[in-house]
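Hi,

Here is the structure I promised to send over. Have a look at it first, and then read on for my notes.

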Amino acid sequence: MMKELTYDTVIAGCGVGGLFTALHLPREQRILMISKEDVESCNSMLAQGGICVLLNDEDYDDYFEDTMRAGHYENRRESVDIMLRSSRSVIDQLLAYGVDFARNSDGTLAYTREGAHSRPRICFHEDTTGKEITTKLRQAVEKLPNVEIMEYTTMQDILVENGVCTGIVATARDGQVLHIHARDTVMATGGIGGRYEHSTNFRCLTGDALDISQKHGITLEHLDYVQIHPTVLYSEKPGRRFLISESTRGEGAILLNSRGQRFVNELLPRDVVAQTIFAEMEKEGSKHVWLSFAPIPEEEIRAHFPNILATCLEEGYDITKEPIPVVPAQHYFMGGVHVDSNSQTTMAHLYAVGETSCNGVHGKNRLASNSLLESMVFAQRAAQHIVQQRKEQNL
């Protein structure tokens, strides 16, 4: 059976990119959001370290250079500029939605540092920043009377008329085929980690938007730009790997080989650290290296990294007393569906945001904690462009 549905905008994906898009569309629009599994099975929920923010005007050049250097100077400079200049507004909005970022004793925002950052500029909530942000945004969306969310609904294709996107084809939980007609469509289906044996991503994230875009001749970009995160908890169990946040190294954790020797500067860009770990593993003939939290005071571990502490304890490791085995794994996709600075794809009325898209911010390698920020900055721009287009066409 096939069912016909009509909305003003349909958004495939319920991570921060999809949610932030919905929050910035007019309340008079009828909006449908779909989630391939339950709404919590998105990479946004898994982000640990935090979200970057431009500290002040004096920080602009350093933050810009940090992002460009990490991306091997293959970043789209216009996109980096947009992200940096929009960052404080995003943080202010998140605070207004009730996101509980860590604060100093005087009430100001506390900032942590991660690899390849020249200074601390990362807002965080313990070691579950993504969960905190995504949950608060979803709660805000769920209060909107004009937004409907369908879980266990998978985008299978897009609807196209005369070269223009007019919605999507999806399959509901019961197998029913849905033709969802919409003036504007936003693809926010996440990354490609589900295609890898070892990944920090949910298994359902299989790059669906890439296959659909390729089928319709929509431009893709940098499909080989895949980031390997240097530190996930080593395990021989099947399934998603547990990320050990880069902020642990930003706060002082060190990498050791099997002889207990430090072998790398832990604050180098992720790709450099991962390559060095692989080289050390090959030299030693080992399946992993070790991450030691010894330089971090125990009270700081318990306050800043409670989720990492608890998960490692479940696996039999007490990070307050011993190092843990870690290994690199697939983590993030810098390539994706090519979009412009308004998150438009090369097909009219079709947008892509978040890890699905490639707006060039990250270049060849993403700077730590730029992903949540980039997703929301360009999701807001997608919504604003949808609104502007409708105004210009008197709709």
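Below is what came out of going through the model, starting with the cores and ending with a couple of odd backbone spots.

One thing before you start: this is a predicted model.

**The cores**

The largest nonpolar core has 55 residues. If you want to find the middle of its contact network, click on Met-33, Ile-51, Leu-94, Phe-101, Ile-133, Leu-137 and Met-376, which have the most contacts inside this core. Quite a few elements feed into it: α1 (16–23), β2 (31–34), β3 (51–52), α2 (60–70), α3 (77–96), β4 (122–123), α4 (129–142) and α10 (371–392) each give at least two residues. The largest share, 9 residues, is from α10. As general background, nonpolar side chains in soluble globular proteins tend to be buried together.

Phe-101 is a good place to zoom in. Setting aside neighbours within four places in sequence, Phe-101 is in contact with Ile-51, Ile-91, Leu-94, Leu-95, Leu-109, Cys-123, Phe-124, Thr-129 and Ile-133. There is also a second, separate core, this one of 28 residues, with Ala-172, Leu-178, Met-187 and Met-347 among them.

**How the helices pack**

I looked at three helix pairs, two of which involve α1.

Take α1 with α10 to begin with. Their axes are 8 Å apart and the packing angle is about 35°, with a right-handed crossing. On the α1 side the contact uses Val-16, Gly-17, Phe-20 and Thr-21, and on the α10 side Leu-372, Ser-375, Met-376, Ala-379, Gln-380 and Ala-383. By class that gives 6 nonpolar and 4 polar residues, and no charged ones. Met-376 is also on the list of residues with the most contacts inside the largest core.

Then α1 with α4: the angle is again about 35°, and the axes are 10 Å apart. This crossing is left-handed. Val-16, Leu-19, Phe-20, Ala-22 and Leu-23 of α1 meet Ile-133, Thr-134, Leu-137, Arg-138, Ala-140 and Val-141 of α4. The contact counts 9 nonpolar residues, 1 polar and 1 charged.

The last pair is α2 with α3. The two axes come within 11 Å and cross at roughly 130°, which makes α2 oblique to α3. The crossing is right-handed. From α2 you have Tyr-60, Tyr-63, Phe-64, Thr-67 and Met-68, and from α3 Arg-77, Val-80, Asp-81, Met-83, Leu-84 and Arg-85. That contact is made up of 7 nonpolar, 1 polar and 3 charged residues.

**Some single residues**

Thr-67 sits in α2. Is Thr-67 buried or exposed? With a relative accessibility of 2%, Thr-67 counts as buried. Beyond its neighbours within four places in sequence, Thr-67 is in contact with Asn-75, Val-80, Val-361, Leu-367 and Asn-370.

Ile-277 is in helix α7 (residues 270–284). Its relative accessible area is 0%, so Ile-277 is buried. Not counting residues up to four places away in sequence, Ile-277 touches Pro-230, Leu-255, Phe-263, Val-289 and Pro-328. For a sense of distance, the C-alpha atoms of Ile-277 and Gly-71 are separated by 20 Å, and the two residues are 206 apart along the chain.

Thr-135 belongs to helix α4. Its relative accessible area is 19%, and the cut-off for buried is under 20%, so Thr-135 still counts as buried. From Thr-135 to His-331 is 21 Å, C-alpha to C-alpha, with their positions 196 residues apart in sequence.

**Two backbone spots to look at**

Most residues other than glycine have a negative phi. Which residues here have a positive phi although they are not glycine? Two that I noted are Ala-116, at about 75°, and Asn-162, at about 55°.

Ala-116 is in the loop between α3 and β4, and Asn-162 is in the loop between β6 (154–161) and β7 (164–171). Their surroundings differ in accessibility: Ala-116 counts as buried at 15%, whereas Asn-162 counts as exposed at 82%.

That's the tour. Shout if you would like to go through any of it together.

Cheers

Terms used. Residues numbered from 1 in each chain as written. Predicted model: local features only at pLDDT ≥ 70, side-chain atom pairs only at ≥ 80, totals over all residues. Heavy atoms only, no water. Core = buried A, V, L, I, M, F, W, Y, C linked by side-chain atoms within 4.5 Å. Buried < 20%, exposed > 50% of the residue type's maximum accessible area, 1.4 Å probe, protein only. Helix = DSSP H or I, 4+ residues; strand = E, 2+ residues; numbered from the N terminus. Contact = heavy atoms within 4.5 Å. Axes fitted to C-alpha atoms, helices over the stretch in contact; angles between N-to-C directions. Parallel < 35°, antiparallel > 145°, perpendicular 65-115°, else oblique. Left-handed = near helix turned anticlockwise from the far one by under 90°. Nonpolar A, V, L, I, M, F, W, Y, C, P; charged D, E, K, R; others polar.
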